[in-house]
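This report describes the fold of one protein chain, its helix packing and a selection of individual residues. The sequence and structure are shown first.

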Amino acid sequence: MPPPHENLMDSPAGDHRRNPRRRGEELERAIFAATLAELAEVGYSGLTMERVAVRARTGKATLYRRWPGRAELVVEAYTSHHLIDAEPPDTGELRADVIATLQQLSAKLTTSHGDILRGLLAETARNPDLARVIRERVHTAGPGRIRGVLCRAVARGDIEPWVLTSRRASVAVDLIRDHFLLYGAPIPVDVITEIVDDVYLPLLVAPRPGD
């Protein structure tokens, strides 16, 4: 029996006209789910807009109306599907909140999302368009879920508001990502604790240069 992806284009799902019309968020969720499934199955190099359209049971033109190419689609699909499913706990204390958030991130990296992330980052060395979109999207999105933790810390007066828009805000997530790429997942608790205590918290509370 051929692998599922070999007869994907020949399946009834390939004719999107047979399927109920979907719009808005419902259609977007289907497209993102199809994109992530394709990434997990064939990687970025094998992913095409046509394959995603077939898997999502929609038309290729529908994808191109929303995204100019596969790089934009892939990055948006990945960043929209949060690496952390649950909201980080609100313990009322910055250190505990950050550690809990990074542990949630570590757990998620043990799933297929970790494999997809590794593949995307490796592909950036060969694909300038993908690298450009990732840089632009990451710059716009900021440090993701950990931003909520930092916003609560600002509200409590634990850190200064300017930290939220500084490079310091994403340092912990950057270090977790780098450790994952080098050593895989899950990331040991003592590594997470060292990142928080030795690097991240001191950066968050240190004065801004020039103050």
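## Helix α5 and its surroundings

The model is predicted. Within helix α5, the buried residues are Leu-94, Asp-97, Val-98, Ile-99, Ala-100, Thr-101, Leu-102, Leu-105, Ser-106 and Lys-108. These buried residues pack against four helices: α6, α8 (146-156), α9 and α10 (189-205).

Helix α5 covers residues 94-108, a stretch of 15 residues. From its first C-alpha to its last, α5 reaches 21 Å, which is close to the 21 Å expected at 1.5 Å a residue. The N-terminal end of α5 is capped by Glu-93. In this cap, a side-chain oxygen of Glu-93 lies 3.2 Å from the backbone nitrogen of Arg-95.

## Overall architecture

The secondary structure of the protein consists of 10 helices and 0 strands. Read from the N terminus, the order of elements is therefore α-α-α-α-α-α-α-α-α-α.

The protein has 211 residues, of which 39% count as buried. Among contacts between residues at least 6 apart in sequence, 69% join residues that are at least 24 apart.

## Packing of α6 against α9

Two of the helices that receive the buried residues of α5 are α6 and α9. The axes of helix α6 (residues 112-123) and helix α9 (residues 171-183) come within 11 Å and cross at roughly 90°. Because of this crossing angle, α6 is roughly perpendicular to α9.

On the α6 side, the contact is made by Gly-114, Leu-117, Arg-118 and Leu-121. Their partners in α9 are Arg-177, Phe-180 and Leu-181. By residue class, the contact of α6 with α9 comprises 4 nonpolar, 1 polar and 2 charged residues.

## Asn-127 and Ser-45

Asn-127 is placed in the loop between α6 and α7 (128-141). Its relative accessibility is 13%, so Asn-127 counts as buried. The side chain of Asn-127 reaches the backbone nitrogen of Asp-129 at 3.2 Å. When residues up to four places away in sequence are set aside, Asn-127 touches Tyr-44 and Arg-70.

Ser-45 belongs to helix α1 (residues 24-46). With 59% relative accessibility, Ser-45 counts as exposed. Outside the residues up to four places away in sequence, Ser-45 touches Arg-70 and Glu-123. Arg-70 is thus a partner of Ser-45 and also of Asn-127. The C-alpha atoms of Ser-45 and Gly-119 are separated by 9.4 Å, although the two residues are 74 residues apart along the chain.

## Val-154 and Arg-168

Val-154 is located in helix α8. Its C-alpha is 9.7 Å from that of Leu-94, a residue 60 positions away in sequence. Leu-94 is one of the buried residues of α5. Apart from neighbours within four places in sequence, Val-154 is in contact with Ile-159, Glu-160, Pro-161 and Leu-164.

Arg-168 lies in the loop between α8 and α9. Is Arg-168 buried or exposed? Arg-168 is buried, because its relative accessible area of 14% falls under the 20% cut-off. A polar atom of its side chain lies 3.2 Å from the backbone oxygen of Pro-207. Not counting residues up to four places away in sequence, Arg-168 touches Trp-162, Tyr-200, Leu-203, Leu-204, Ala-206, Pro-207, Arg-208 and Pro-209. Pro-207 therefore appears both as a contact of Arg-168 and as the residue whose backbone oxygen faces the polar side-chain atom at 3.2 Å.

## Backbone features in loops

Two loops carry backbone features for inspection. A cis peptide bond joins Ala-185 and Pro-186, with omega at about 5°. Pro-186 lies in the loop between α9 and α10.

Arg-57 is found in the loop between α2 (49-56) and α3 (60-66). The phi angle of Arg-57 is near 60°, a positive value in a residue other than glycine. With a relative accessible area of 44%, Arg-57 is partly exposed.

Notes. Residues numbered from 1 in each chain as written. Predicted model: local features only at pLDDT ≥ 70, side-chain atom pairs only at ≥ 80, totals over all residues. Heavy atoms only, no water. Axes fitted to C-alpha atoms, helices over the stretch in contact; angles between N-to-C directions. Parallel < 35°, antiparallel > 145°, perpendicular 65-115°, else oblique. Contact = heavy atoms within 4.5 Å. Nonpolar A, V, L, I, M, F, W, Y, C, P; charged D, E, K, R; others polar. Expected span 1.5 Å × (residues − 1). Buried < 20%, exposed > 50% of the residue type's maximum accessible area, 1.4 Å probe, protein only. Polar contact = N/O pair within 3.5 Å; in protein donor to acceptor, adjacent residues only side chain to side chain.
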